[in-house]
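Thanks for making the time this morning. I would like to walk through one model with you, starting from a single pair of side chains and working outwards to the chain as a whole.

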Amino acid sequence: MARMILWRETLAWSLLAAGLGLTAWQGWQWLQASQLNQVLSHPKEPLEKQAPWLSQTPEGQMLQAWQLTRRGDSTHALEIYGRLEQRLPPALLARAKYNMGNAYLSTALGALGEEGALAYNQAAPLLAMAKDAYRDALRHDPTLWDARHNMELAQRASPDLTPGIRNEQSQEETELKTTTERAWPTIPGFPKGMP
C-alpha cells in the first residue's frame, strides 16, 4: 500500500514538473514570437536592440540584412547575405538570393530613375548581378515566382546597347542631362508602366 502511494506521488510530481517545463518552454516560444513580430513591425530599428538572441541565428542575420536594405544600406546587407551563403539551408538560401537580387535591382532602378539613361553605365552591372542572383534563387527554389517576376523586370531594365552607339551619342548626352524626364524613355525595352 505504501508503495502504491509513493508511486502515485512520484507520478503526480513528475507530471507537475513536466507541465511546468512545458509551460516555461511555451512561454519562451511566445516571447520569441512576440519579439520577432516587434522586429518585423518596426524594420527601421536595429535588430540587436529589439531581439539580441535573434541576431546570433542565420535567420536573424538574414532578417538584419533585410532591415538594412529597408533602411537603404544595401552594401552592408549584401555583405551579410554573402557571409550567410554557406550556412543557410536551400529554402532560406533561395530567399537570401532573392533578397540580394532585390537590393541590386532597387539600387540600379534608383540610379536610372534619378539620372535616366546617363546612369546606364552604373546600373548595367547592378542589373547583371540582380539577374544572376534571381537565377541562383530559382535554381534553389524553382517555385519562387517573385524571383521570376523580378528577373523579367531586370531583363527589361537592361537593354542591349552597343558601345559604339553610346560613344556617338556624347553630344546628345548633354541635352539629356537637362531633361532627365526625356532620358528615361530612351532606354529600349522598358514597359510603359515603369517609373
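Which side chain meets that of Lys 97 in a salt bridge? The partner is Glu 85, and the N to O distance for the pair is 3.0 Å. Before going further I should say that this is a predicted model, and everything I quote this morning is computed from it.

As for where the two residues sit, Lys 97 belongs to helix 5, whereas Glu 85 is in the loop between helix 4 and helix 5, so the salt bridge ties together parts that are 12 residues apart in sequence. The two partners also differ in how much surface they show: Lys 97 is buried, at a relative accessible area of 9%, while Glu 85 is partly exposed, at 27%. In general terms, side chains of opposite charge can pair when their charged atoms come close.

How many salt bridges does the structure hold? There are 5, and I will take two others besides the one I opened with. In one of them Arg 139 is joined to Asp 136, with the closest N and O atoms 2.4 Å apart. Both of these residues are in helix 6, and because they are 3 residues apart, about one helical turn separates them. Arg 139 is exposed, its relative accessible area being 59%. This pair does not stand by itself, since Glu 85, Lys 97, Asp 136 and Arg 139 are linked in a network of salt bridges.

The other is the salt bridge between the side chains of Arg 135 and Asp 132, at 2.9 Å from N to O. Here too the partners lie in helix 6, which covers residues 120-140, and they are 3 residues apart, about one turn of the helix. Both are partly exposed, with relative accessible areas of 33% for Arg 135 and 42% for Asp 132.

Let me turn to helix 4, residues 74-84, in which Ser 74, Ala 77, Leu 78, Ile 80, Tyr 81 and Leu 84 are buried. Viewed down the helix axis, these buried residues fall within an arc of 160°, and they therefore line one face of helix 4. On the face turned away from that buried side we find the exposed residues Thr 75 and Arg 83. As to what the buried residues pack against, the neighbours are helix 3, residues 58-70, and helix 5, residues 90-115.

Ile 80 gives a residue-level view of helix 4. With a relative accessibility of 8%, Ile 80 counts as buried, and, leaving aside residues up to four places away in sequence, it touches Gln 61, Gln 64, Ala 65 and Leu 68. For the last of these, the C-alpha atoms of Ile 80 and Leu 68 are separated by 9.6 Å, with the two residues 12 apart along the chain.

That brings me to the interior, where the largest nonpolar core has 34 residues, and where Tyr 81, Leu 105, Tyr 134 and Ala 147 touch the most other members. Two or more residues of this core come from each of helix 3, helix 4, helix 5, helix 6 and helix 7, the last being residues 145-157, and helix 5 gives the most, with 11 residues. What does Leu 105 touch, if we do not count residues up to four places away in sequence? The contacts are Leu 127, Ala 130, Tyr 134, Asn 150, Leu 153 and Ala 154.

On the outside, by contrast, Met 4, Trp 7, Leu 11 and Leu 15 form a nonpolar patch on the surface, with about 440 Å² of accessible area together. Leu 11 is found in helix 1, residues 2-41, and is partly exposed, at a relative accessible area of 39%.

Finally, the chain as a whole. The protein chain has 10 helices and 0 strands, and buried residues make up 35% of its 195 residues. The accessible surface comes to about 12,400 Å², with 58% of it belonging to carbon and sulfur atoms. If we take contacts between residues at least 6 apart in sequence, 53% of them join residues at least 24 apart.

Definitions and conventions: Residues are numbered from 1 along each chain as its sequence is written. This is a predicted model: local features need pLDDT of at least 70, side-chain atom pairs count only at pLDDT 80 or more; totals for chains, interfaces and linings use all residues. Side-chain values use heavy atoms; hydrogens and water are left out. Buried means under 20% relative accessible area, exposed over 50%, partly exposed in between (1.4 Å probe, protein chains only). Helices (H or I, at least four residues) and strands (E, at least two) are DSSP runs, numbered from the N terminus. The arc is that of the directions from the helix axis to the C-beta atoms. Contact means heavy atoms within 4.5 Å. Patches are made of residues with over 30% relative accessible area and no salt bridge: like charges are joined within 9 Å, nonpolar side chains (Val, Leu, Ile, Met, Phe, Trp, Tyr) within 5 Å. Accessible areas come from the Shrake-Rupley method with a 1.4 Å probe; for residues, only the protein chains shown count as cover. A salt bridge is a side-chain nitrogen of Lys or Arg within 4 Å of a carboxyl oxygen of Asp or Glu. A nonpolar core is a set of buried Ala, Val, Leu, Ile, Met, Phe, Trp, Tyr and Cys residues joined through side-chain atoms within 4.5 Å.
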